[in-house]
Amino acid sequence: MLTNKSVIEKNTIDTRSLTSGHLNAEQSKMFIKMMFESTNLSPLIRHELRRSRIGEIDKIGIAKRLIREKKEDTDDGYRVTAITSQVDYKTTAVRIPWEITEDAIRENIEGEAFESSIFELMTLQLGVDLEDLYLNGDEDTESTDDDYDFLKINDGWVKQIKNGGHIYDSSSENGMSIDMFYNTLSQLPNKYNNGKLRWLMSPRRAQEWALMLINKALGAGATVPESIYSSPANIPIIECSSISDDIIILTDPKNLVVVKTYDVKVRKTTEGREAIMKDKRFYVIHLDYDPVIEELDATAMIIGLNKNQ
C-alpha cells in the first residue's frame, strides 16, 4: 500500500487557484484518484451513481443448464428468460468541514503550499474513513460508544453479512488453520467459487496467519508453499486496515457496492463576515453514500477469532 507521503508526491492537488466554489475538472479527477488510492479495497469494489437518494439496483441473471436438443422443423415453445431482482438502497449525506487561519499559512515553512498539503491529507483521511464506514457502520451503535457519531451514520457490510451471509464461528478452535478457510469456503454455493473470491482481513490477521505457518513449518522441519501464505484455499488475501482482527470476510469485491447520487463536492470560501473577521479560510467536502451487497448468498465471514489465534 502506498504511504501518505508517496501518494501526496504522486498526486499533488494545487488548491491555490480555488478561491471559491468547486474544484475544477482536473482537480476533481485528482481528488477522486487520491481518495481511492488511500486504501487497498476502495479501487476493487463497485461504485454506482444514481439520481435518486432512495431506490433499487437491478440484478439480472440467468439460470443454468439451458441448452435443449434441436429437432428439425420444430418449435416446442421453449424459451429462456432472464431472472431479475432488486437490492434496495438509501444514501446518507455526509461532510468533512475544516478551516485554516491565514496566520498558519503565513508562518508555515511551506507558505501557500501548506493549504494544498492540508487538503491532500484530508483527502487521504476521507478515503480511509469511507472504507471504515463501508465496512463497520452500524446504525445501532450505542450512544456511549466513543465513535458513536461516526459509526451510526449507516449500516456497513460487516453488519449486513452477519445478518444474512454465511457465518463460520471459529471461537471453539485452538488457533488458525487451513481447515478454517476451507470450511468457510464450503459454505458458499459453487457458482460463486469462480476465481473472483478474495479473503478480506486486517494486516495483523494476515501477519498472524503467516506467523502460524512459519512456526508449524519450523516445528516440523518442513516448508510451506509460498502460495499458502498469500492465498489460502487458492484465494488471494486483501489486507484492509479497517477490518477488525477478529473477523475475515470472503466474497468477490465487486459484490460490495457503494451507491452515490452525486460526485464528491469540495467547497472553499475566503469571503463572508466570519472569514474576514477571523482571518480564516473555510473548506468542506460533501458526499453521500450507501454500502450495499448485491448477493448476500455470495458472502461468508469467519468470526470468533482472537489475539491468540
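User: How many residues apart along the chain are Lys159 and Asp138, the two partners of a salt bridge?

Analyst: A salt bridge is a side-chain nitrogen of Lys or Arg within 4 Å of a carboxyl oxygen of Asp or Glu. Lys159 and Asp138 meet this rule, with their closest N and O atoms 2.8 Å apart. Helices (H or I, at least four residues) and strands (E, at least two) are DSSP runs numbered from the N terminus. Lys159 is in helix α6 (residues 157-164) and Asp138 in the loop between α4 and α5, so the pair links distant parts of the chain, its members separated by 21 residues.

User: What pLDDT do local features need in this model?

Analyst: Residues are numbered from 1 along each chain as its sequence is written, and side-chain values use heavy atoms, with hydrogens and water left out. The model is predicted: totals for chains, interfaces and linings use all residues, side-chain atom pairs count only at pLDDT 80 or more, and local features need a pLDDT of at least 70.

User: Is Lys159 buried or exposed?

Analyst: Buried means under 20% relative accessible area, exposed over 50%, and partly exposed in between (1.4 Å probe, protein chains only). Its partner Asp138, at 23%, is partly exposed. Lys159 has a relative accessible area of 16%, so this residue counts as buried.

User: Which residue forms a salt bridge with Arg46 at 2.3 Å?

Analyst: Salt bridges that share partners join Arg46, Glu48, Arg50 and Glu294 into one network. In the bridge asked about, the closest N and O atoms are 2.3 Å apart, and the partner of Arg46 is Glu294.

User: In which strand does Arg46 lie?

Analyst: Arg46 has a salt bridge with Glu294. That pair links distant parts of the chain, 248 residues apart: Glu294 is in the loop between β12 (280-293) and β13 (300-303), and Arg46 is in strand β2 (residues 46-49).

User: Why are Asp103 and Arg106 separated by about one helical turn?

Analyst: Their side chains meet in a salt bridge of 2.3 Å, N to O. Asp103 is partly exposed at 38% relative accessible area, while Arg106 is exposed at 53%. The separation is about one turn because both residues lie in helix α3 (residues 102-107), and their spacing there is three residues.

User: What is the angle between the ring planes of Trp98 and Tyr283?

Analyst: Rings of Phe, Tyr and Trp (its six-membered ring) pair if their centres lie within 6.5 Å; planes under 30 degrees apart count as stacked, over 60 as edge-to-face and the rest as tilted. The structure has six aromatic pairs by this rule. Trp98 and Tyr283 form a stacked one, with 5.1 Å from centre to centre and an angle between the planes of 5 degrees.

User: How many residues apart in sequence are the parts tied together by Trp98 and Tyr283?

Analyst: The two rings form a stacked pair. Trp98 lies in strand β5 (residues 92-101) and Tyr283 in strand β12, so the parts tied together are apart in sequence by 185 residues.

User: Which residue joins Trp98 and Tyr283 in one aromatic cluster?

Analyst: Trp98 is buried, with a relative accessible area of 9%. Tyr283 is buried too, at 6%. The cluster holds Trp98, Tyr283 and Phe119.

User: What is the phi of Asp73?

Analyst: Most residues other than glycine have a negative phi. Asp73 lies in the loop between β3 (54-61) and β4 (83-90) and is exposed, with a relative accessible area of 80%. Its phi is positive, near 55 degrees.

User: Where is Asn234, whose phi is near 60 degrees, found?

Analyst: The phi of Asn234 is a positive value in a residue other than glycine. Asn234 is exposed, with a relative accessible area of 66%. Asn234 is found in the loop between α9 (226-230) and β8 (237-239).

User: How far apart are the C-alpha atoms of Ile96 and Thr123?

Analyst: Ile96 is found in strand β5 and is buried, with a relative accessible area of 19%. Ile96 and Thr123 are 27 residues apart along the chain, and their C-alpha atoms are separated by 9.8 Å.
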